[in-house]
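Colleague: I should like to request a close look at a single part of this model. Please treat the matter in one connected account.

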Amino acid sequence: MSANGLSAQAAQDLDQRRKQYTDSDYLVDGSGKTIRNYRTQLYTSGVEVNFGKKTLKVTTDDPIIHIIPEEEFAVIGFRTFVGKEYGYVMETWKDHYTPSIIRSTVMVIDITSYWSAKAAYNFSISP
């Protein structure tokens, strides 16, 4: 078992998926959307809210699983990963009051790199 509770093979498979996801800004679901579309078009897209009845119904997985491998959300602890086009920082923990519920906080970091006219390599990082 590795330090994060995964078998050596599962940890290696997860590392490959991390690289596959972060090698491009495009989501792995084939939708043509990028990580930049998440906040404005995808966040809560699988949730139906009825304010009159004060209900919230989750109809599908959050699209974040097309930006960060779904397996990451089952690994308890703090971790970072930086790929070619973006990276992420996340922490996953068991809920204090309901341990069967696992919660995560995630920050996706977009990486933009380019060559300038002076042949210097430049990059910018933005959340």
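In which helix do K19 and D15 lie, and how many residues apart are they? Please describe the surroundings of that helix as well.

Modeller: The model is a predicted one. K19 and D15 both belong to helix α1, which covers residues 8–22. The two are four residues apart, about one turn of the helix. Their side chains meet in a salt bridge, with an N to O distance of 3.4 Å. That distance qualifies because the criterion asks for a side-chain nitrogen of Lys or Arg within 4 Å of a carboxyl oxygen of Asp or Glu. As to exposure, K19 has a relative accessible area of 37% and is partly exposed; D15, with 25%, is partly exposed.

Helix α1 also takes part in a contact that reaches well along the sequence. R17 forms a salt bridge with E71, and the closest N and O atoms are 2.7 Å apart. E71 sits in the loop between β2 (55–58) and β3 (77–82), while R17 is in helix α1, so this pair ties together parts that are 54 residues apart in sequence. E71 counts as partly exposed, at 35% relative accessibility, and R17 is partly exposed, with a relative accessible area of 28%.

A further salt bridge joins the side chains of R79 and E72, at 2.7 Å from N to O. Here the accessibility falls on the other side of the cut-off: R79 counts as buried at 11% relative accessibility, and E72 is buried with a relative accessible area of 0%. Both values qualify because buried means under 20% relative accessible area. Through shared partners, salt bridges join D15, R18, K19, E72 and R79 into one network. The K19 and D15 pair described at the outset therefore belongs to a network that also contains the buried residues R79 and E72. Across the whole structure, the search finds eight salt bridges.

The nonpolar packing may be considered next. In the largest nonpolar core there are 13 residues, of which I64, I67 and I68 touch the most other members. Both α2 (38–42) and β4 (86–94) supply at least two residues of this core, and β4 gives the most, with three residues. Leaving aside residues up to four places away in sequence, I68 touches Y21, F73, Y88, M90, V106 and V108. In soluble globular proteins, nonpolar side chains tend to be buried together.

Y88, one of the contacts of I68, also enters into an aromatic pair. The count of such pairs comes to one. The rings of F81 and Y88 have centres 6.2 Å apart and planes at 35°, so the pair is described as tilted. F81 counts as buried at 13% relative accessibility, and Y88 is buried, with a relative accessible area of 1%.

For the wider setting, the secondary structure consists of two helices and six strands, and from the N terminus on the order of elements is α-α-β-β-β-β-β-β. The protein has 127 residues, of which 25% count as buried. Among contacts between residues at least 6 apart in sequence, 36% join residues at least 24 apart. The accessible surface comes to about 8900 Å², and carbon and sulfur atoms account for 55% of that area.

Methods
Residues numbered from 1 in each chain as written. Predicted model: local features only at pLDDT ≥ 70, side-chain atom pairs only at ≥ 80, totals over all residues. Heavy atoms only, no water. Buried < 20%, exposed > 50% of the residue type's maximum accessible area, 1.4 Å probe, protein only. Core = buried A, V, L, I, M, F, W, Y, C linked by side-chain atoms within 4.5 Å. Contact = heavy atoms within 4.5 Å. Areas by Shrake-Rupley, 256 points an atom, 1.4 Å probe, with all protein chains shown as cover. Phe/Tyr/Trp six-rings, centres within 6.5 Å; stacked < 30°, edge-to-face > 60°.
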